[in-house]
Number of protein chains: 2
Amino acid sequence: MRTTDEKTGTYSFVAEPFRVDVNGRVTLGALGNHLLNCAGFHAGDRGFGIATMNEENYTWVLSRLAVELDEYPLQYEDFSIRTWVENVYRLFTDRNFAILNKEGKPIGYARSVWAIIDLNTRRPIDLLALHDGNIAGYICEEPCPIEKPSRIRVEATEPVADHTARYSDIDINGHVNSIRYIEHILDLFPMELYQEKRVRRFEMAYVAESYYGEKLMFFRDDAGDNEYHVEVRKETGEVVCRSKVLFV
Amino acid sequence: MRTTDEKTGTYSFVAEPFRVDVNGRVTLGALGNHLLNCAGFHAGDRGFGIATMNEENYTWVLSRLAVELDEYPLQYEDFSIRTWVENVYRLFTDRNFAILNKEGKPIGYARSVWAIIDLNTRRPIDLLALHDGNIAGYICEEPCPIEKPSRIRVEATEPVADHTARYSDIDINGHVNSIRYIEHILDLFPMELYQEKRVRRFEMAYVAESYYGEKLMFFRDDAGDNEYHVEVRKETGEVVCRSKVLFV
């Protein structure tokens with residue numbers, strides 16, 4: 001079910017049994033998937049979705065994602081996601097989200113940063129010039145009381161795990177799917193941690209694409225206070241993405 | 001969206017961009033997830049869903065699944081799944097599915113076999129005695145023109161891959177999620193095969209549960225004519241599940 005006003009869009013979901021974790025909470029992978037779908041629905045309904053971009057040989061690229069949750073929807077619970085555009089800059093746009101429980105009360109928020117690239121040059125285009133800057137007409141002052149994605153640095157020099165990208169990791173563009181990185185990063189932590197704590201905040205910075213058959217190496221720093229910083233690198237040393245995971 | 005008559009239930013979906021494969025086709029993992037959700041919706045709406053079973057300290061257990069597709073929904077396409085009960089025996093019930101494209105034309109079918117177990121004894125209960133056998137009142141003569149799940153035998157003695165069950169593999173019951181086995185089995189095949197062919201028929205026989213930290217070993221026979229038989233075993237040799245994958 002979708003409800004939309006001019007600027008925000010709200011989309012309903014249910015916590016599906018094969019997409020909750022051992023605690024019966026929606027997985028961050030499933031939630032991330034819903035967030036990105038909502039971004040697509042919202043943009044598509046307003047004429048700046050991926051289909052329109054593709055006609056001009058452009059595409060949307062997710063650069064950063066930060067999700068912070070006080071509570072997680074539990075198995076079979078209804079929940080919804082509201083999304084809106086917070087800001088449009090020349091090369092990036094900020095899209096925010098509120099995650100609402102079945103009573104419509106916010107239980108979490110998310111922030112994302114996107115660019116549009118030209119598929120020929122692979123370079124970002126000027127969002128303020130695109131379609132007379134009409135994306136900026138959707139800027140909306142909804143509150144999003146979580147911090148912006150931060151700078152992530154990882155010092156570790158020995159990988160804690162590696163993974164060779166397989167069929168199920170790859171999306172229609174031939175890249176490892178943005179959501180799969182989230183799952184692989186969460187799989188670095190032992191089950192005991194998930195049984196005692198939950199992820200309070202999760203951040204991703206997507207840096208470069210990776211492809212089928214590439215070996216991804218996971219480097220992790222323990223930043224103290226239940227915070228971990230993770231960097232995914234290829235065997236060449238090229239950084240693919242960085243993540244910050246805060247448990248409480 | 002749900003539409004139901006007395007005996008069948010039909011549920012609408014869209015092929016989400018992060019749940020399609022390199023060819024833009026809905027993954028069998030995502031489709032399997034939708035099939036099992038539809039089973040849950042259909043049973044729940046008719047008073048024999050998992051919530052009702054749990055009240056009596058029973059639960060539904062999936063024993064077999066066979067899916068056969070002529071076509072796959074492509075990214076962003078709408079599709080729907082219709083489900084109904086074909087038969088109820090003393091210890092098993094057969095539930096079938098039709099997968100319908102956006103015009104409502106069948107593009108595939110699935111068959112599943114389920115038992116209800118007593119959570120204390122872990123033994124199947126008599127379905128014909130449960131609630132005066134009212135499940136049998138929903139038996140329905142819809143056509144399901146695909147073969148029943150078959151017997152699968154695997155001779156291989158050397159594993160082709162192994163996987164240690166991690167956080168993202170585990171469901172609320174502490175078991176490896178039924179859908180994850182499908183993904184891990186499909187990941188045994190090289191990308192080139194998916195680029196040239198597609199899975200025409202996929203079968204799973206669920207034999208035993210596996211748990212966090214257990215090492216799963218994948219044994220595969222090439223049965224010829226693009227058919228492969230896969231058995232997942234624990235290090236102890238215990239069989240977890242068996243699968244048959246037919247590419248065309």
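## Close-up views of helix packing, cysteines and a loop residue

In this predicted model, α1(A) and α3(A) are roughly antiparallel to each other, because angles over 145 degrees count as such and the two axes cross at roughly 160°.

**View 1. Helix α1 packs against helix α3 in chain A.** Helix α1, spanning residues 28-45 of chain A, and helix α3, spanning residues 178-186 of chain A, have axes that come within 9 Å, and the crossing of α1(A) past α3(A) is right-handed. On the α1(A) side the contact is made by A:Leu28, A:Gly29, A:Gly32, A:Asn33 and A:Leu36, which meet A:Ser178, A:Ile179, A:Ile182, A:Glu183 and A:Leu186 of α3(A). Sorted by class, this contact between α1(A) and α3(A) comprises 5 nonpolar, 4 polar and 1 charged residues.

**View 2. Helix α1 packs against helix α3 in chain B.** The axes of α1(B), residues 28-45, and α3(B) lie 9 Å apart and pack at an angle of about 160°, so that α1(B) and α3(B) are roughly antiparallel to each other; their crossing is right-handed. From α1(B), the residues B:Leu28, B:Gly29, B:Gly32, B:Asn33 and B:Leu36 meet B:Ser178, B:Ile179, B:Ile182, B:Glu183 and B:Leu186 in α3(B). The contact of α1(B) with α3(B) contains 5 nonpolar, 4 polar and 1 charged residues.

**View 3. Cysteines A:Cys140 and B:Cys38 are shown in a structure with 0 disulfides over all chains.** For A:Cys140, the closest cysteine sulfur belongs to A:Cys144 and lies 11 Å from its own sulfur, which is too far for a bond, given that a disulfide requires two cysteine sulfur atoms within 2.5 Å. B:Cys38 likewise takes part in no disulfide, and the nearest cysteine sulfur, that of B:Cys144, is 14 Å away. A:Cys140 counts as buried, with a relative accessibility of 12%, and B:Cys38 also counts as buried, with a relative accessibility of 0%.

**View 4. B:Asn173 sits in the loop between β7 and α3 of chain B.** This loop runs between strand β7, residues 161-164, and helix α3, residues 178-186, the helix that packs against α1(B). B:Asn173 is exposed, with a relative accessible area of 55%. The C-alpha atom of B:Asn173 is separated by 20 Å from that of B:Glu238, a residue 65 positions away along the chain.

Conventions: Residues are numbered from 1 along each chain as its sequence is written. Chains are lettered from A and ligands numbered from 1 in the order in which they are written. This is a predicted model: local features need pLDDT of at least 70, side-chain atom pairs count only at pLDDT 80 or more; totals for chains, interfaces and linings use all residues. Side-chain values use heavy atoms; hydrogens and water are left out. Buried means under 20% relative accessible area, exposed over 50%, partly exposed in between (1.4 Å probe, protein chains only). Axes are lines fitted to C-alpha atoms, for helices over the stretch in contact, and angles run from 0 to 180 degrees between N-to-C directions. Helices (H or I, at least four residues) and strands (E, at least two) are DSSP runs, numbered from the N terminus. Angles under 35 degrees count as roughly parallel, over 145 as roughly antiparallel, 65 to 115 as roughly perpendicular and the rest as oblique. A crossing is left-handed if the near helix is turned anticlockwise from the far one by less than a right angle, and right-handed if clockwise. Contact means heavy atoms within 4.5 Å. Ala, Val, Leu, Ile, Met, Phe, Trp, Tyr, Cys and Pro count as nonpolar, Asp, Glu, Lys and Arg as charged, and the others, Gly among them, as polar.
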